[in-house]
Amino acid sequence: MTTIQDRRPSSHGRQARDRAVSAAHLVVRVAGGLATTTVIVALAVAGFAGWGTPTAVAGWTVAGWAVGGAFLAEVLRAVLGRDPYRSRGDYVGVLALTILLWGCAAMLAFSLSYFFHAHALDDHATRRVSATVTGCVEDADDANWCTYHWVADGHAYSSRDGAAQKWPDGSRVTVRIDPAHPERPAQVNRSYWIAWIGVVIGLVGVSFAALMRWSL
């Protein structure tokens, strides 16, 4: 009888400990899910907000903090040991997919933000002025970059942008500027294909990573 009585408290203690660990796993799992969701939502806000606006900056900031929270949740799950809610999961695989999800979401947000920003500049650049080209260089991607100097309403401005060719210094070309804000970069050779490539890669990557992560 003494042996049986001695074992009961041990069994009850083990059961209570298992329940506490299971509850801790559930809490950490929910916290990690909320952190990952916060990253996606914050990046979506940053992507659709104006380029460099306080809303966009706040979105990227919140996403950064949420990434830290999600990492902490994964560390806690590993410390707690075997997760009853992830019996088929692989910690390394899930973490890698989560990082891929965040990276693709960040690429999607950045590409969307750039597209909206560039498109807005194009829409407002309705005034054509003559500009002097200087300092043309060719980068590693065989793209030409030049500095454009122009005068609007008696004030001199300059900006750097792509060029169809490597112009000699002093060449004169026509550029488009925003008449309400002539100090903004001149619109010369705007192309959106880079932004669209980023959007496509981001969408495909987010969808793939989210599906694979959910399956684990």
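Helices and strands are here DSSP runs, with at least four residues for a helix and at least two for a strand, numbered from the N terminus. On that basis, the elements of the protein chain follow the order α-α-α-β-β-β-β-α, which amounts to 4 helices and 4 strands. The model is predicted. Of the chain's 216 residues, 31% count as buried.

**Chain-level values**

- The accessible surface of the protein chain is about 13,100 Å², and carbon and sulfur atoms contribute 65% of that area.
- Among contacts in the protein chain with a separation of 6 or more, 67% link residues 24 or more positions apart.

**Helices H1 and H4**

- Helix H1 covers residues 2–48 and includes Thr36.
- Thr36 has a relative accessibility of 8%; because buried means under 20%, Thr36 counts as buried.
- Beyond its neighbours within four places in sequence, Thr36 is in contact with Ala70, Thr98, Leu101, Trp102 and Arg213.
- Helix H4 comprises the 23 residues 193–215. At 1.5 Å a residue, H4 should span 33 Å, and its end C-alpha atoms are indeed 33 Å apart, so the expected and modelled spans agree.
- The buried residues of H4 include Ala195, Gly198, Val199, Gly202, Gly205 and Ala209.

**Strand pairing**

- Strand E1 (residues 127–138) runs antiparallel to strand E4 (residues 171–177), and 7 bridges join the two.
- Within this pairing, Arg127 has Ile177 in E4 as its bridge partner.
- E1 is also joined to strand E2 (residues 144–152), again in antiparallel orientation, by 5 bridges.
- Opposite Val137 stands Trp145 in E2.

**Nonpolar cores**

- The largest nonpolar core has 14 residues, of which Val133, Cys146, Tyr148, Trp150, Val175 and Ile177 touch the most other members.
- Two or more residues of this core come from each of E1, E2, strand E3 (155–163) and E4.
- Another core, of 10 residues, lies apart from the largest one; among its members are Ala35, Trp102, Ala105 and Ala109.
- In soluble globular proteins, nonpolar side chains tend to be buried together.

**Surroundings of Val175**

- Val175, one of the residues that touch the most other members of the largest core, has contacts with Arg127, Arg128, Val129, Ala131 and Tyr148, leaving out residues up to four places away in sequence.
- With the same exclusion, Val175 also touches Ala186, Gln187 and Val188.

Methods
Residues numbered from 1 in each chain as written. Predicted model: local features only at pLDDT ≥ 70, side-chain atom pairs only at ≥ 80, totals over all residues. Heavy atoms only, no water. Buried < 20%, exposed > 50% of the residue type's maximum accessible area, 1.4 Å probe, protein only. Contact = heavy atoms within 4.5 Å. Areas by Shrake-Rupley, 256 points an atom, 1.4 Å probe, with all protein chains shown as cover. Expected span 1.5 Å × (residues − 1). Pairing = 2+ DSSP bridges. Core = buried A, V, L, I, M, F, W, Y, C linked by side-chain atoms within 4.5 Å.
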